[in-house]
Amino acid sequence: MTLGSLWQLFARGTQAWLVAGTVSVLAGVAIGLAPAIGFQPLGFPGGGGEAPLELLLPSLFLSLGGGYAVLFPGIRVGRGKVRIVRDWKLYPVSGRLLWILAQATAVIGLVVCILAAATHPAVPGLMVWLFMGSYLALTGWAAALLGMAMNVRLIGTVDGRPAPVTQAG
């Protein structure tokens, strides 16, 4: 089963939430990355120890809000239990790669926030939602793909309707 064929099986509303949430996360990360990178701790030349609040709040809202906008519909797609370890080889490669990328994003975000704390205690607070929104979005996409593949494979239904029959070609 390919990514394109799975995408066509999602309900239009689910597709809209996944795309809109992803765009929101990307916008939030783009807006919040500049203040996080340019953050000058107290004691450094030109450093006030604070990032501009007018950039941080929209970044927080877009990043975390978009991440949850992807996560909740993504989780809702699977009607049964998605068993990551037990059924790993049965899921599509795209879903497995997104799942691995989500876990890597969480670990990298944790390490970066811990290392950033050495420069100034406020820096991890600025960076945490940049990684968290990305993690939530990646996890939502992975859950959606894994859940839809499970629905088609095990139950044979999509959103309560019989799955379309496809011919191998």
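Helices here are DSSP runs of H or I with at least four residues, numbered from the N terminus. Keep in mind that this is a predicted model.

Q: In which helix is the place of Ser63?
A: Helices are counted from the N terminus. The run that covers residues 53-77 holds Ser63, and that run is helix α3.

Q: What pattern does the chain follow, read along the sequence?
A: The chain has five helices and two strands. Put in sequence order, they read α-α-α-α-α-β-β.

Q: Is Ser63 buried or exposed?
A: The cut-off for buried is under 20% relative accessible area. Ser63 comes in at 0%, so Ser63 counts as buried.

Q: Which residue's backbone oxygen does the side chain of Ser63 reach?
A: Leaving out residues up to four places away in sequence, Ser63 touches Ser24, Val25, Gly28, Val29, Trp129, Leu130 and Gly133. One of these contacts involves a backbone oxygen 2.8 Å from the Ser63 side chain. That oxygen belongs to Trp129.

Q: Which residue offers its backbone oxygen to the side chain of Ser59?
A: Ser59 is also found in helix α3, and its relative accessible area of 0% makes it buried. Beyond its neighbours within four places in sequence, Ser59 contacts Gly28, Ile31, Gly32, Trp129 and Leu130. The backbone oxygen reached by its side chain, at 2.7 Å, is that of Gly28.

Q: What separates the C-alpha atoms of Ser59 and Ile31?
A: Ile31 is among the contacts of Ser59. Along the chain the two sit 28 residues apart. In space, their C-alpha atoms are separated by 5.5 Å.

Q: Which element gives the most residues to the largest nonpolar core?
A: This core has eleven residues: Leu9, Phe10, Leu18, Val25, Val70, Val77, Ala137, Trp141, Ala144, Leu145 and Met148. Three elements give two or more residues to it, namely α2 (12-37), α3 and α5 (123-155). With five residues, the top contributor is α5.

Q: How many residues are in the second, separate core?
A: Among its members are Ile84, Tyr91, Leu146 and Met150. Those names are just part of the list, and the full count is five.

Q: Which residue has its backbone oxygen 2.8 Å from a polar side-chain atom of Thr139?
A: Thr139 sits in helix α5 and counts as buried at 10% relative accessibility. Setting aside neighbours within four places in sequence, Thr139 contacts Leu71, Trp99 and Ala102. For the backbone oxygen, look to Tyr135.

Q: What separates the C-alpha atoms of Gly78 and Gly147?
A: Gly78 is in the loop between α3 and α4 (93-116), and at 16% relative accessible area it is buried. Apart from neighbours within four places in sequence, its contacts are Gly147, Met150 and Asn151. Gly78 and Gly147 are 69 residues apart along the chain, yet their C-alpha atoms are separated by 3.8 Å.

Q: Which helix gives the largest share of the nonpolar patch?
A: The surface patch is formed by Tyr68, Phe72, Ile75 and Met132, with about 400 Å² of accessible area together. Three of its residues come from one helix. That helix is α3.

Q: What is the relative accessible area of Ile75?
A: Ile75 belongs to the surface patch and lies in helix α3. Partly exposed covers values between 20% and 50%. Ile75 is partly exposed because its relative accessible area is 49%.

Q: What separates the C-alpha atoms of Val128 and Gly109?
A: Val128 lies in helix α5 and counts as partly exposed at 44% relative accessibility. Gly109 is 19 residues away along the chain. The C-alpha separation between them is 7.1 Å.

Q: What share of the contacts with a separation of 6 or more comes from residues 24 or more positions apart?
A: Gly78 and Gly147 are one pair in contact, at 69 residues apart along the chain. Taking the contacts in the chain with a separation of 6 or more, residues 24 or more positions apart account for 77%.

Q: How much of the exposed area do carbon and sulfur atoms supply?
A: Of the 169 residues of the chain, 40% count as buried. The chain exposes about 9500 Å². Carbon and sulfur atoms supply 71% of that area.

Conventions. Residues are numbered from 1 along each chain as its sequence is written. This is a predicted model: local features need pLDDT of at least 70, side-chain atom pairs count only at pLDDT 80 or more; totals for chains, interfaces and linings use all residues. Side-chain values use heavy atoms; hydrogens and water are left out. Buried means under 20% relative accessible area, exposed over 50%, partly exposed in between (1.4 Å probe, protein chains only). A polar contact is a pair of N or O atoms within 3.5 Å; within protein, one must be able to donate a hydrogen and the other to accept it, and residues adjacent in sequence count only if both atoms are side-chain atoms. Contact means heavy atoms within 4.5 Å. Patches are made of residues with over 30% relative accessible area and no salt bridge: like charges are joined within 9 Å, nonpolar side chains (Val, Leu, Ile, Met, Phe, Trp, Tyr) within 5 Å. Accessible areas come from the Shrake-Rupley method with a 1.4 Å probe; for residues, only the protein chains shown count as cover. A salt bridge is a side-chain nitrogen of Lys or Arg within 4 Å of a carboxyl oxygen of Asp or Glu. A nonpolar core is a set of buried Ala, Val, Leu, Ile, Met, Phe, Trp, Tyr and Cys residues joined through side-chain atoms within 4.5 Å.
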